[in-house]
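Me: I am new to this structure and would like to know what stands behind the words used for it. Could you take me through them?

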Amino acid sequence: MADYHIVPFCPEPVRILHPDKHFLFVNKPAGLLSIPGRHEENKDCVVTRLQNHPKSKTASIVHRLDMATSGVMILAQTKFAHREISKQFELRQTDKYYIAVVDGIVEKDSGVIDLPMIADWPNRPKQKIDFEQGKKAITEWEVLERDLEKQITRLKLKPVTGRSHQLRLHCFELGHPILGCNLYNKNGSETKAKRLLLHAASLTITHPKTGKTITVESPCPF
């Protein structure tokens with residue numbers, strides 16, 4: 001979403017799922033920005049809300065979720081944690097998966113989408129597939145449930161890479177856009193849900209101090 005658009009206020013709170021003196025796992029509601037927009041009226045976001053919370057005044061962003069996406073995020077509480085956890089994301093040492101509901105019946109049970117992506121500059125903030133200049137983008141997917149009556153499919157999506165809009169564009173290219181997506185849609189798929197049906201359900205990191213594996217999950221709200 002472009003910064004000059006005013007984002008409607010999101011009444012849902014940011015819930016802390018797993019507090020730690022080095023980092024915080026939180027649940028981001030759909031409709032809330034991860035970081036402030038440039039427009040003065042778009043300052044409300046995950047970071048600013050947490051920095052006004054007595055237990056998370058030093059919280060800083062490590063990664064982002066799209067405004068329309070809900071689910072698990074992690075924020076650093078210290079510079080050390082920020083550096084170490086950011087490195088885990090950069091080196092693809094984290095493990096995460098999302099739940100999505102897509103239009104139509106996906107016939108295969110699982111698969112891999114390997115389609116390089118690049119910003120679609122004339123149509124920002126959209127992305128597009130570009131085999132010549134695009135950056136590598138890989139998504140593993142698995143069917144969880146098919147609803148023949150509603151003609152929709154519930155998927156588990158595992159992004160191997162972390163490109164902006166990767167899951168939305170890859171599902172669209174699969175021929176099954178995510179319901180409620182206003183950017184990548186067809187046959188009215190954007191009108192079949194009141195929100196984007198994409199949820200970050202699970203995130204696993206290695207604790208930057210203890211080296212232990214920590215997995216935090218957020219139940220899918222749809």
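Me: What makes 5 residues in the lining of the largest cavity nonpolar, 2 polar and 1 charged?
Reply: Happy to help! The classes go by residue type: Ala, Val, Leu, Ile, Met, Phe, Trp, Tyr, Cys and Pro count as nonpolar, Asp, Glu, Lys and Arg as charged, and the others, Gly among them, as polar. The lining consists of His63, Leu65, Val72, Lys96, Tyr98, Ala200, Ser202 and Leu203, so Lys96 is the charged one, while His63 and Ser202 are polar. This is a predicted model, where local features need pLDDT of at least 70 and side-chain atom pairs count only at pLDDT 80 or more, while totals for chains, interfaces and linings use all residues. Residues are numbered from 1 along each chain as its sequence is written, and side-chain values use heavy atoms, with hydrogens and water left out.

Me: Why is this space called a cavity?
Reply: On a 1 Å grid over the protein atoms alone, a cavity is a set of points where a 1.4 Å probe fits but cannot get out, and lining residues have an atom within 4 Å of a point. The structure holds 1 cavity of 30 Å³ or more, with about 50 Å³ of space in the largest. That volume is the space filled by probe spheres set on the points, which are joined across faces, edges and corners.

Me: Which strand gives the most to this lining?
Reply: Strand 11, with 3 residues. Strand 11 (198-206) and strand 5 (95-103) each supply at least two. Strands here are DSSP runs (E, at least two residues), numbered from the N terminus.

Me: What makes Asp66 and Arg168 a salt bridge?
Reply: The term asks for a side-chain nitrogen of Lys or Arg within 4 Å of a carboxyl oxygen of Asp or Glu. The closest N and O atoms of Asp66 and Arg168 are 3.2 Å apart, so the pair qualifies. Between domain 1 (15-91) and domain 2 (98-198), the count is 1 salt bridge. Those bounds come from an automatic or database domain assignment.

Me: How do you know that the two domains are in contact?
Reply: Contact means heavy atoms within 4.5 Å, and 6 residues of domain 1 meet this with 6 residues of domain 2.

Me: Why can Asp95 and Lys158 be said to tie parts together?
Reply: Their closest N and O atoms are 3.1 Å apart, forming a salt bridge. Asp95 lies in strand 5 and Lys158 in strand 10 (residues 152-159), so the pair ties together parts 63 residues apart in sequence.

Terms used:
1 Å grid on protein atoms, 1.4 Å probe; cavity = no way out; pocket = protein on both sides within 12 Å on 5 of 7 lines; lining within 4 Å. Helix = DSSP H or I, 4+ residues; strand = E, 2+ residues; numbered from the N terminus.
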